[in-house]
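Visitor: Hi! I've just opened this one and could use a hand finding my way around.
Guide: Happy to help, let's look together.

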Amino acid sequence: MPAIPSNKPYRVGRSRTGLGLFATKPIKKGAKIIRYFGPLLDSRKKKDDAIENKYLFELNGRWTIDGSVRKNIARYINHACKPNAESDVSARKRKVVIRAIKKIEPGEEINYDYGTDYFKAYLKPIGCKCDACEKKRKKKRAEARAERLRLKAKEEKKAQKKALKEAEKKAAKARRKKAAKAKVHAKGQLKAQKSQLPNGKLLNGHSQPKAARKKSAAAKPKASMRPETSATPVGVEMQAAA
Ligand SMILES: [Zn+2]
């Protein structure tokens, strides 16, 4: 890590994305923090134009600062969408200074907006990790979680309602079944009672000896029993019985 004179208000330290530049002293709004420097590249020179790295700072159509040199401490400054510093570019002087745009407290990370081109080329594809974007992501995640919970609660309520309905349906069915059974039973009893009504006689009949009952069960209709002339076995039987 490069040595930084102790009179400077910053140090290099661990940040969310790797390394970053952090304030070690309060920095006033508008104060110059550090110069972004390196060899000047001329886009008209083929050799210069072929250079490609993450630390190129374009001043204008022709000139670019190659900030990848080790001595350029400003290259540690990370991008932020809502930064506390800015890059103050003087194309005429071919000079870039990082300046505070708000008061920066000791311990705070120093950031500036790298600009739309850099953002699109390098940050958007991997997702910007600046505080503002992290906060946005966190909020989105929290909202998604809340939505999931809400849907889950709704599903559970629905399932409960369904279960209750099922149970009610089952109970109603059971009641109906019971009632129907009771009705059949009552009918059966009624039928039995009815069939027992002329029973005074019938019962007597039933109380006949088994053999007689068998005969009467096998007997032909009573009408056929009446005529004395009938030569049916019944008549014979009856005579025999008599
Ligand atoms: Zn961001």
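**A first walk through the strands**

Guide: Let's start with a hairpin that joins strand 1 to strand 2 through 2 residues. Keep in mind that this is a predicted model.

Visitor: How many bridges hold strand 1 and strand 2 together, and in which sense do they pair?
Guide: There are 6 bridges between strand 1, residues 10-15, and strand 2, and the pairing is antiparallel. To see one of the pairs, find S15: its bridge partner in strand 2 is G18.

Visitor: Okay, stepping back a bit. How many helices and strands does the protein have?
Guide: You should find 7 helices and 10 strands.

Visitor: And what share of the residues is buried?
Guide: Of the 242 residues in the protein, 15% are buried.

Visitor: What about contacts, how much comes from residues 24 or more positions apart?
Guide: Counting contacts with a separation of 6 or more, 60% are between residues at least 24 positions apart.

Visitor: Since it's a prediction, what is the average pLDDT?
Guide: The average is 84, and 79% of the residues score at least 70. Residues 200-205 fall below 50, and beyond near neighbours in sequence that stretch has 1 contact in the model. Residues 214-219 are also below 50, with 4 contacts of that kind.

Visitor: Good to know. How many residues are in the largest nonpolar core?
Guide: That core has 22 residues. Those with the most contacts inside it are Y10, I33, Y36, I77, I98 and I110.

Visitor: Which elements give two or more residues to it?
Guide: Strand 2 (18-23), strand 3 (32-36) and strand 9 do.

Visitor: Let me pick I77 from your list. What is it in contact with?
Guide: Leaving aside neighbours within four places in sequence, I77 is in contact with L21, I98, I110, N111 and Y112. I98 and I110 are also on the list of residues with the most contacts inside the core.

Visitor: I98 is in strand 9, right? Which residues make up the covered face of strand 9?
Guide: V96, I98 and A100 are on the covered face, while K95, V97 and R99 are on the uncovered one. In a regular strand, side chains alternate between the two faces of the sheet.

Visitor: Which residue of strand 8 stands opposite I98?
Guide: That's S87. Strand 8 and strand 9 run antiparallel, joined by 6 bridges.

Visitor: How many bridges join strand 9 to strand 3?
Guide: There are 4, and strand 3 and strand 9 run antiparallel. In that pairing, R35 stands opposite V97 of strand 9.

Visitor: Back to strand 8 and strand 9. How many residues lie between them in the hairpin?
Guide: There are 4 residues between them, and R94 in that turn has a positive phi of about 55°.

Visitor: Why point out the sign of phi?
Guide: Most residues other than glycine have a negative phi. R94 has a positive value although the residue is not a glycine. R94 counts as partly exposed because 15 other C-beta atoms lie within 10 Å, which is between the cut-offs of 12 for exposed and 20 for buried.

Visitor: New topic! What is the order of the strands in the open sheet of 3 strands?
Guide: The order is 4-6-5, with antiparallel pairing. Strand 4 and strand 5 stand at the edges with a single partner strand each, so each has one side without a neighbour in the sheet. From one strand to the next, the twist averages 35°.

Visitor: Which residues could I click on to see those pairings?
Guide: Try L40, which stands opposite I65 in strand 6. Strand 4 (residues 40-42) and strand 6 (residues 63-66) share 3 bridges. On the other side, L56 has D66 of strand 6 as its bridge partner. Strand 5 (residues 56-58) also pairs with strand 6 over 3 bridges, and a hairpin with 4 residues between them connects the two.

Visitor: One last spot: where is P106?
Guide: P106 is in the loop between strand 9 and strand 10 (111-112).

Visitor: What does P106 touch?
Guide: Not counting residues up to four places away in sequence, P106 touches A23, T24, K25 and P26. P106 and I27 are 79 residues apart in sequence, but their C-alpha atoms are 7.9 Å apart in space.

Technical notes
Residues are numbered from 1 along each chain as its sequence is written. This is a predicted model: local features need pLDDT of at least 70, side-chain atom pairs count only at pLDDT 80 or more; totals for chains, interfaces and linings use all residues. Two residues are in contact if their C-beta atoms, placed from the backbone, lie within 7 Å. Two strands pair if DSSP finds at least two bridges between them. pLDDT is the predictor's confidence in each residue, from 0 to 100. A nonpolar core is a set of buried Ala, Val, Leu, Ile, Met, Phe, Trp, Tyr and Cys residues joined through C-beta atoms within 7 Å. Axes are lines fitted to C-alpha atoms, for helices over the stretch in contact, and angles run from 0 to 180 degrees between N-to-C directions.
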